[in-house]
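Trainee: I would like to learn how to read the packing and the backbone of a model. Could we go through it one feature at a time?

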Amino acid sequence: MAMASRRRGRSPPPAAAPPPRDPVPAAPSPPSHFPPDLLRDVASRVTSLHEFFALRAVCRAALPLAAPSLAPQPPLLLVPDTAAASHALLHVHRGFHRFRLTRTHLTGETADVHSLGCRVAVDLRERCQLRIVHVLTGERTRLPSPPSPFSGLLLSGDLVVAWDSNHPSLQHCSLGNPKWRVASAIDPFRFHDLIFESGTLYALVTPGYRLAVVRLSDNSNSDELELEFLGGELDAETSRQNSVFCLAECCSELLLVTRSEEHHHRRQTFHVFRWRSGEQEWDRIARLGGCALFLANYRFAGCLGPHHPEIRGDCIYYTIPGLLRVHSLVNESISERIINYPIGKVPMEFCQSVWVFPSMC
């Protein structure tokens, strides 16, 4: 009994219970519904796509992907991304967005990309396919490639127009009927540049850089093209001194942008002319009312109104490989900003970048 009692021993006393902690309140869930007025006010102050999509997630997509909600968003550069075999969006001041375009949106294949506001057109030459892609939603419309090579592309509503500056013909189709039609002008006219402004299709026609209204036939059995010239040839001095001519628009006004090469200063200088319909002539201007023009490959990409966050007014923004340049129309100064690519991105000398405007959704 004594041995048994020695082996039995006693169980250790139970561990003391830890002292009670102060309860930590759970983080409140964000409201799933904002009053409409408050939501619009918050969206008007958001100047980052990251913040915009975060706000949209909180309010359960009650914030539409539409121009009023995205009005404060600055333009972005769509650039190739070899690491993802696709493209990425670049904010010129804040760097690359985490938002990426996967291969289902754009492809790493050889392609030409054209700026169409918040959309881009991707010409997949190897597939004989043209894709029109909404950059923010990924929505795609597939069309067959135009029958002839083209250098410029426009989209107005559901009308797609393609042209090449060395040919006298226009190629056009509608998104609902992707059968391309070809309409030609009378020789020796060539379509140097085109633009839609307030629903009207304008063309800069060579020789002479004359302005004309283009009317395409609505008859599906006809490929007629009518040109209504609005004035005479551009004056000889302006034609001789400039090497770039492109149509643009700002605040519902038709503009002509030219670029001259000043050899003694070794710099490029832009000039802007406003079309005066009453006098049927171009009038040079030095200000844009605080607005800014954006060019991609020396073609008009878009215009932003005055007092837009992070954008300088009365300037022209344009890119060359590796650089973003801002040309002031007021004093003709030019500022440059190096576009720093992270390691693994495509070298800038091979980069084709185009502007994307979330505010034009």
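Mentor: What follows takes up nonpolar cores, a buried polar residue, aromatic pairs and the backbone, and throughout we should keep in mind that this is a predicted model.

Trainee: Let us begin with the interior: which residues have the most contacts inside the largest nonpolar core?

Mentor: The general idea is that nonpolar side chains tend to be buried together in soluble globular proteins. Here the largest nonpolar core has 21 residues, and those with the most contacts inside it are Leu-49, Leu-63, Leu-78, Leu-89, Val-120 and Val-356. Two or more residues of this core come from each of helix H2 (36-43), helix H3 (49-58), strand E1 (76-81), strand E5 (119-124) and strand E25 (354-356). Another core, of 18 residues, lies apart from it, and includes Leu-90, Ala-292, Leu-324 and Val-326.

Trainee: Which residues of H3 are buried, and how should their placement around the axis be read?

Mentor: In H3 the buried residues are Leu-49, Phe-52 and Leu-55. Because they cover an arc of only 125° around the axis, they lie on the same side of H3.

Trainee: What does the side chain of Thr-258 make a polar contact with?

Mentor: Thr-258, which is found in strand E17 (residues 253-262), is buried, with a relative accessible area of 0%. Its side chain is joined to that of Asn-242 by a polar contact of 3.0 Å. Leaving aside residues up to four places away in sequence, Thr-258 touches Asn-242, Val-244, Phe-245, Thr-269, Phe-270, His-271 and Phe-273.

Trainee: Turning to the rings, how many aromatic pairs are there?

Mentor: A pair of aromatic rings is described by the distance of the centres and the angle of the planes. The count comes to 8 aromatic pairs. In one of them, Phe-189 and Phe-229, the ring centres are 5.1 Å apart and the planes are at 50°, so the pair is tilted. This pair links distant parts of the chain, 40 residues apart, with Phe-189 in the loop between strand E11 (177-184) and strand E12 (190-197), and Phe-229 in strand E15 (residues 225-229). Phe-229 counts as partly exposed, at 26% relative accessibility, and Arg-210 lies over the face of its ring, at 4.0 Å from the ring centre.

Trainee: And how do the rings of Phe-294 and Trp-355 compare in distance and angle?

Mentor: Phe-294 and Trp-355 form an edge-to-face pair, 5.0 Å centre to centre with 75° between the planes. They are 61 residues apart, Phe-294 in strand E20 (residues 292-296) and Trp-355 in strand E25, and thus link distant parts of the chain. Phe-294 is buried at 0% relative accessibility, and Trp-355 is buried with a relative accessible area of 1%. Together with Tyr-317 and Phe-357, these two residues form one aromatic cluster.

Trainee: Finally, where does the backbone call for a second look?

Mentor: Most residues other than glycine have a negative phi, and most peptide bonds are trans. Thr-206 and Pro-207, however, are joined by a cis peptide bond, with omega about 0°, and Pro-207 is found in the loop between strand E13 (200-206) and strand E14 (210-216). Asn-297 has a positive phi of about 55° although it is not a glycine, and Tyr-298 likewise has a positive phi, of about 60°. Asn-297 lies in the loop between E20 and strand E21 (299-304), as does Tyr-298. Tyr-298 is partly exposed, with a relative accessible area of 25%, and Arg-259 lies over the face of its ring, at 4.8 Å from the ring centre.

Terms used
Residues are numbered from 1 along each chain as its sequence is written. This is a predicted model: local features need pLDDT of at least 70, side-chain atom pairs count only at pLDDT 80 or more; totals for chains, interfaces and linings use all residues. Side-chain values use heavy atoms; hydrogens and water are left out. A nonpolar core is a set of buried Ala, Val, Leu, Ile, Met, Phe, Trp, Tyr and Cys residues joined through side-chain atoms within 4.5 Å. Buried means under 20% relative accessible area, exposed over 50%, partly exposed in between (1.4 Å probe, protein chains only). Helices (H or I, at least four residues) and strands (E, at least two) are DSSP runs, numbered from the N terminus. The arc is that of the directions from the helix axis to the C-beta atoms. A polar contact is a pair of N or O atoms within 3.5 Å; within protein, one must be able to donate a hydrogen and the other to accept it, and residues adjacent in sequence count only if both atoms are side-chain atoms. Contact means heavy atoms within 4.5 Å. Rings of Phe, Tyr and Trp (its six-membered ring) pair if their centres lie within 6.5 Å; planes under 30 degrees apart count as stacked, over 60 as edge-to-face and the rest as tilted. A charge sits over a ring if NZ of Lys or CZ of Arg is within 6 Å of the ring centre and within 35 degrees of the ring normal.
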